[in-house]
Each structure stands twice: as structure tokens, then as C-alpha cells.
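Here are my comments on the model we discussed. They are set out as numbered points, to be read next to the coordinates.

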Amino acid sequence: MKIFLDSADLDEITALRDTGFVDGVTTNPSLIAKSGHNILDRIAEICAIVDGPVSAEVTATDYDTMLAEGRKLAAIAPNVAVKVPLTKAGLQTCRTLSDAGTKVNVTLCFTAGQALLAAKAGATFISPFVGRLDDIGKDGMGLIEEICTLYANYDCPTEVLVASVRSTQHVVDAALMGADVVTLPPKILTALYHHPLTDSGLDAFLKDWAKTGQSIL
Ligand code: G3P
């Protein structure tokens, strides 16, 4: 399963890129706003330090302007994936960009029916927001299971990119269901490899080792 970083913060991306676990980056208008930087400049900066797909989201809501924005974002770098919302205009934009060979990430997905249409529109990635469904008492990971089943039934090339991830359990569940990608806030990626028992166990090993007076080198 691929891991993308859900951030537009260059320091966060740089720090975690060196772990070797970062296969791509996703941004959205809120993350760009939080960065305080111009979207075109920031996406170019991220594309220069990350080899994998970098999602950059359009902000228009009509087809013509979405398409113009998408083409401008795609022109920044070869690894840009244009993000469009799961609306009628977004799906039409997805179809046009996809037909032209541009990677498209269809975002703000909340039902399997929406995911079916995104796949039919040629989406490279579909981004179901599991945390936001959980927030309203729905089963976010249940949606992932539905989409993975639905796509497998038709050998669909669209990759399931689990978004709005709020816990390491979401990551494990996504992998158990066969999702292609998870996009993680930096704190979740860090939490994946950190466990207090690992820390305390290592401390105990090193205390015992120190008593031997040995050195491996
Ligand atoms: O990639 C989508 C993600 O940024 C949304 O996360 O926690 O705001 O639902 P969240």
C-alpha cells in the first residue's frame, strides 16, 4: 500500500520524505491556505522534492474554469495530479483531463455510487473521506470496503486513496481491505512507527547491554 503525506508544509514533507515511506503528497485549498504560500509556487516546490504524485486542487466550481485551472496546475510538473471535487462539473473535468493523459484525483467522495462515477470518468485516484463520515456517525471504513469490492468486480484501474485518516487503525483497516493508498497527516505517519513498549523495551535492552562492557565496533 502506498503512503502519501497530506500536507502543504515544506518542512513537514522534507522531514518525513527522508524516512523513505512517502510515496506522494496530497494538498487541498485548506492546506494551501494554512501554508501561507501561493499555490503555484508551493506545488512546484513540493513536486521538486517528492518524486511521486502531488495532488493540487482546483478551486473553481464550473467546468470551463475548472478545466483551465486543472491544465495550469498540471503544467507545473509531470508528477502533478489534478484534484477535482466529486461534483457534476468535477467529473466532467476529470473526464476531459484524463482523456488528455493528466492524472486526476477525485476528492470529497462519500458514497460508493460517487466512486463508481469517478471511475467511469477516468479518475486516477478516488479520495473517500473516512474521518468525516465517522464524524457524523457513519462507517467511513465501511465505504472503503464497498469501493474496493466494487472496483475489484470490474478490475477498475482507479486507485482507492483513503483520505481524512484520523488514526493508525484507519491505516491498518485500509490495508486489510486492499486500498491502494492512504494519505496521512504527518502525526499519523509518525504514530505508525512509534509505540511506548518499543521505547521501553529498547531502553531495557540497552541498560542490560551496558552492563556487559562490550562494544560491537
Ligand atoms: O486529504 C483530505 C484531508 O486533508 C481531509 O482531512 O481531517 O480535514 O477530514 P480532514
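1. In which strand is the place of T26? T26 belongs to strand 2, which covers residues 24-26. Please keep in mind here and below that this is a predicted model. T26 has a relative accessibility of 1%, and because buried means under 20%, T26 counts as buried. Its side chain is joined to the side chain of T183 by a polar contact of 2.5 Å.

2. Some overall values for the chain. Eleven helices and eight strands make up its secondary structure. The C-alpha trace spans about 70 × 40 × 30 Å along its principal axes. The chain has 217 residues, of which 45% count as buried.

3. The ligand and its surroundings. Which residues surround the ligand? They are D6, N28, K83, F129, R132, A163, S164 and R166. By class, this shell consists of four charged, two polar and two nonpolar residues. As for location, the ligand takes up the space of the largest pocket.

4. Polar pairs between protein and ligand. An N or O atom in the side chain of S164 is 2.7 Å from an oxygen atom of the ligand. For N28, an N or O atom of the side chain is 3.0 Å from a ligand oxygen. R166 also has a polar side-chain atom 3.0 Å from an oxygen atom of the ligand. On its own the ligand has 310 Å² of accessible area, and the protein covers 80% of that.

5. S164 deserves a separate entry. Where in the chain is the place of S164? S164 is in the loop that runs between strand 7 (159-162) and helix 9 (168-177). Its phi is near 60°, which is a positive value in a residue other than glycine. Is S164 buried or exposed? With a relative accessibility of 14%, S164 counts as buried, because the cut-off for that class is under 20%. Besides the ligand oxygen at 2.7 Å from its side chain, S164 has a second polar partner: a polar atom of its side chain lies 3.2 Å from the backbone nitrogen of R132. R132 is itself one of the residues that surround the ligand.

6. A positive phi is also found at L108. Its value is near 60°, again in a residue other than glycine. L108 lies in strand 5, residues 104-109. The relative accessibility of L108 is 31%, so L108 counts as partly exposed, the class between the 20% and 50% limits. When checking backbone angles, please look at L108 in its strand and at S164 in its loop.

7. A note on A119. This residue is placed in helix 6, which covers residues 112-120. How many residues apart along the chain are A119 and L91? They are 28 residues apart, and 9.5 Å separates their C-alpha atoms. A119 counts as buried because its relative accessibility, 17%, is under 20%.

8. To sum up the site: the side chains of N28, S164 and R166 each place a polar atom by a ligand oxygen. Of these, S164 also pairs with the backbone nitrogen of R132 and has a positive phi.

Conventions
Residues are numbered from 1 along each chain as its sequence is written. Side-chain values use heavy atoms; hydrogens and water are left out. A residue is near a molecule or strand if one of its heavy atoms lies within 4 Å of it. A polar contact is a pair of N or O atoms within 3.5 Å; within protein, one must be able to donate a hydrogen and the other to accept it, and residues adjacent in sequence count only if both atoms are side-chain atoms. Accessible areas come from the Shrake-Rupley method with a 1.4 Å probe; for residues, only the protein chains shown count as cover. On a 1 Å grid over the protein atoms alone, a cavity is a set of points where a 1.4 Å probe fits but cannot get out, and a pocket is an open set with protein on both sides within 12 Å along at least five of seven lines; lining residues have an atom within 4 Å of a point. A molecule sits in a cavity or pocket if more than half of its atoms lie within 2 Å of its grid points. Ala, Val, Leu, Ile, Met, Phe, Trp, Tyr, Cys and Pro count as nonpolar, Asp, Glu, Lys and Arg as charged, and the others, Gly among them, as polar. Helices (H or I, at least four residues) and strands (E, at least two) are DSSP runs, numbered from the N terminus. Buried means under 20% relative accessible area, exposed over 50%, partly exposed in between (1.4 Å probe, protein chains only).
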